[in-house]
Amino acid sequence: MILTAGTTSKKKDNRRNDDSNIHVGFQALTAVLNVVILLSVVFCIANARIVLNNRIDKLDEEARQLQIKIARMRLEAENLRLRREKLSSWPEISSRIVKFNLQLRAPLHTQIKQLAIVPYNRKDAKDTGTVSTGSRLTLR
């Protein structure tokens with residue numbers, strides 16, 4: 001191949017074209033990778049939102065079930081309170097006394113206890129003649 005002044009070799013032109021093709025290919029690859037990364041982030045965010053919404057729905061259902069259970073227990077407690085009041089009323093007690101033929105009588109001497117307020121000091125508690133020497137309120 002004979003080169004004259006002002007002419008260039010075809011080999012050099014091919015090298016330039018190869019370098020520019022590599023550069024264009026690298027830019028295309030980075031653009032594709034950027035799009036893939038962006039789509040991956042969007043997919044992860046959407047997936048996380050779906051999972052979190054599912055958990056929220058489950059927790060809402062559980063909270064609703066617990067509220068129903070609490071309401072049921074409150075109703076049961078109210079019914080028990082009303083039953084206790086009814087059973088501890090004098091007409092109910094007197095009807096049970098008649099029903100079971102129970103006689104009211106005075107308590108035995110051994111059934112009577114007194115509540116005494118004593119000093120917290122153990123030495124002073126012994127002087128009062130109480131049963132317990134370590135507490136403020138004791139039985140005599």
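**Around helix α1**

Visitor: What relative accessible area does V41 have?
Guide: V41 counts as partly exposed, meaning between buried (under 20% relative accessible area) and exposed (over 50%), with a 1.4 Å probe and protein chains only. This is a predicted model, where local features need pLDDT of at least 70 and side-chain atom pairs pLDDT 80 or more, while totals for chains, interfaces and linings use all residues. Numbering runs from 1 along each chain as its sequence is written, and side-chain values use heavy atoms, leaving out hydrogens and water. For V41, the value is 43%.

Visitor: Which helix holds V41?
Guide: Helices here are DSSP runs of H or I, at least four residues, numbered from the N terminus. The run covering residues 10–87 includes V41, and that's helix α1.

Visitor: How far apart, N to O, are the side chains of R64 and E61?
Guide: They meet in a salt bridge, which means a Lys or Arg side-chain nitrogen within 4 Å of an Asp or Glu carboxyl oxygen. Being 3 residues apart in helix α1, R64 and E61 are separated by about one helical turn. R64 is partly exposed at 39%, and E61 is too, at 36%. Their N to O distance is 2.7 Å.

Visitor: In the salt bridge of E92 and R96, which residue is buried?
Guide: Both sit in helix α2 (residues 90–99), 4 residues apart. R96 is partly exposed at 37% relative accessibility. With a relative accessible area of 16%, the buried one is E92.

Note on methods. Helix = DSSP H or I, 4+ residues; strand = E, 2+ residues; numbered from the N terminus.
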